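Hi, here is the structure we discussed. Please load it first, then read the notes underneath.

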Amino acid sequence: MLPYLSNLETLPFEDEGERDPAMPSFGWLDLPLEESIRALVGMTSSLLEAESAWVTLVDRNRFCTQTITGKAVSARSDYDCWTRQVLNDNESATFECQDDGLAGDAAGVKAKRFFVAPIQFRGRHLVGCLCLVTQRSTEVHDGLRWMEQAANLIGDQLELRQRRESVRTHRRDRKKEAAAQETKELRQATAIWPQREDFHRGLDRDEFVLHYQPEVELLTGKVVGLEALVRWQHPVRGLVAPCHFIPEAEQNGMILPLGDWGLGEACRQLRAWKDSRAAMRSLRVCVNLSARQFSQAGLVERVESRLQENGLSAMELGLELTESSLSANLAETTEILGRLHHLGVSLHMDDFGTGYSSLSHLHRFPFDVLKIDRSFVQRMVAGAQPLQIVQTILELARVMGMEVVAEGIETEEQLRLLKEMGCRYGQGYYFSPPRPATEIAGMLV
């Protein structure tokens with residue numbers, strides 16, 4: 001079976017200059033395919049004084065004949081038969097023929113010679129024949145030698161054509177790949193991170209972790225509680241603070257599965273501390289609830305389920321909410337907070353003093369703990385007014401029968417002022433930044 005041109009492999013040439021050193025470098029090989037073949041056939045036709053010359057290329061299903069120069073070729077079965085014979089033998093040959101259709105001479109029939117030379121691709125793949133009809137009494141040996149040389153040059157031209165096409169294709173593919181990569185990098189650079197799929201992937205791969213910041217009794221320095229704060233241990237971005245992903249989680253709804261994971265993980269960790277006797281005394285772990293979590297149906301049932309799964313009492317869990325996270329529906333908010341309070345968990349109003357703080361909320365809702373926002377604590381040493389604000393919040397909490405935790409304590413002076421005003425509990429970097437559970441365990445004994 002003949003190895004057809006359409007079946008040949010693509011040549012992986014990086015540059016058009018990488019040609020086979022043995023390939024002839026005649027000027028016409030640098031011309032387009034049709035012009036160069038026409039020049040080669042025309043040269044051979046002139047040498048042998050041919051009346052007609054053409055190239056027959058092998059196709060999968062048929063012979064395709066193209067007349068290159070000279071008179072039109074009549075359809076003849078003997079030409080077809082002789083061409084097939086050369087293709088089968090893969091050797092050049094010459095045949096005697098009588099063809100009045102080619103002569104066009106009124107005298108009648110004249111003797112002619114039909115020269116055929118195989119065309120090879122890369123010296124081994126047979127792809128067609130160079131054919132020529134002439135009346136010249138040229139020596140057969142010389143005629144066949146010229147035909148073979150021309151056929152070899154045509155084969156070289158076909159190879160050069162494929163190599164050039166391979167180079168163009170390779171360059172085109174490289175440009176497409178480079179453009180695709182550039183587009184991908186641009187999208188990654190401009191895309192909002194993280195997307196929903198990033199959160200799903202992070203949850204599936206356990207990339208989220210909880211760090212814990214102690215709540216301390218100011219007079220004794222004892223740890224009485226822990227606030228659980230989520231972090232993202234991203235495999236590429238490293239440890240990501242919540243300010244870089246919580247807003248997106250709120251927007252795309254992933255705060256719900258993330259919040260549910262955080263609640264369960266905090267309860268599981270407290271159970272582990274109790275089992276290892278790290279928490280020798282009563283300890284409360286506080287978890288932040290977002291507005292979406294608070295409004296989600298079944299919140300009370302999920303909280304109760306997490307406590308039961310880990311064998312914890314409700315008094316060991318605190319839920320921290322900001323005023324802005326509460327439902328605008330007062331009846332709904334009252335019902336949910338009432339059920340949580342009845343369950344026995346501790347309810348903390350976080351960041352009190354910011355936003356649209358309303359005294360009616362303290363009176364209407366059953367909060368147990370008031371957390372003074374860090375902005376007030378850190379400005380206490382700046383003047384009398386900020387100090388008076390903190391003093392007022394402490395007095396308000398005392399009247400309402402609520403405990404107070406001052407957030408953001410960072411200096412000895414802030415600690416001293418809070419003690420003098422009678423603040424009982426506080427948290428901040430002065431005592432400890434949020435730390436992994438393994439580092440916090442030593443502070444609980």
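**What turned up**

Phe 114 counts as buried, at 0% relative accessibility. Here buried is under 20% relative accessible area, exposed over 50%, and partly exposed in between (1.4 Å probe, protein chains only).

This is a predicted model: local features need pLDDT of at least 70 and side-chain atom pairs count only at pLDDT 80 or more, while totals for chains, interfaces and linings use all residues. Residues are numbered from 1 along each chain as its sequence is written, and side-chain values use heavy atoms, without hydrogens or water.

**Aromatic pairs**

How many aromatic pairs does the structure hold? There are 13. Rings of Phe, Tyr and Trp (its six-membered ring) pair with centres within 6.5 Å; planes under 30 degrees apart are stacked, over 60 edge-to-face, the rest tilted.

One of the pairs is Phe 95 with Phe 114. Their ring centres are 6.3 Å apart. The planes meet at 35°, and the pair is tilted. Phe 95 belongs to strand β3 (residues 93–98), while Phe 114 belongs to strand β4 (residues 111–121). The pair therefore ties together parts that are 19 residues apart in sequence. Helices (H or I, at least four residues) and strands (E, at least two) are DSSP runs, numbered from the N terminus. Phe 95 is buried too, at 11% relative accessibility.

There is also a ring cluster. Ring pairs link its members: Trp 193, Phe 199, Phe 208, Trp 232, Phe 245 and Trp 261.

**Strands**

Next, the strands around Phe 114. β4 is mostly covered, with nine of its 11 residues buried. β3 pairs with β4 in the antiparallel sense, over six bridges. Strands pair if DSSP finds at least two bridges between them. Opposite Ala 93 stands Val 116 in β4.

β4 also runs antiparallel to β5, joined by nine bridges. Which residue in β5 is the bridge partner of Phe 114? That partner is Val 133. β4 and β5 form a hairpin, with three residues between them. Arg 122 sits in that turn and has a positive phi of about 60°.

β5 (residues 125–134) has a pairing with β1 as well. β1 and β5 are antiparallel, with seven bridges. One contact to look up is Trp 54, whose bridge partner in β5 is Cys 131. β1 covers residues 50–58, and eight of its nine residues are buried. The strand is therefore largely enclosed by the rest of the structure.

**Positive phi in loops**

Two loop residues belong on your backbone checklist. Glu 49 is not a glycine, yet its phi is positive, about 50°. Glu 49 is placed in the loop between α1 (33–47) and β1. Is Glu 49 buried or exposed? Glu 49 counts as exposed, at 52% relative accessibility.

Asp 206 is the other entry. Its phi is near 55°, again a positive value in a residue other than glycine. Asp 206 is in the loop between α5 (196–204) and β6 (208–217). At 63% relative accessibility, Asp 206 counts as exposed.

**Helices**

Helix α7 (residues 255–275) packs against helix α9 (residues 299–309). The angle is about 30°, and the axes are 9 Å apart. That makes α7 roughly parallel to α9. Axes are lines fitted to C-alpha atoms, for helices over the stretch in contact; angles run from 0 to 180 degrees between N-to-C directions. Under 35 degrees is roughly parallel, over 145 roughly antiparallel, 65 to 115 roughly perpendicular, the rest oblique.

α9 also packs against helix α10 (residues 330–343). Here the angle is about 20° and the axes are 10 Å apart. α9 is thus roughly parallel to α10.

Glu 304 is part of helix α9. Glu 304 is partly exposed, with a relative accessible area of 33%. How far apart in space are the C-alpha atoms of Glu 304 and Val 345? The separation is 9.3 Å, with the two positions 41 residues apart in sequence terms.

Last is Val 390, in helix α13 (residues 384–400). Val 390 counts as buried, at 0% relative accessibility. Its C-alpha atom is 7.7 Å from that of Met 380. Those two residues are 10 apart along the chain.

Best wishes
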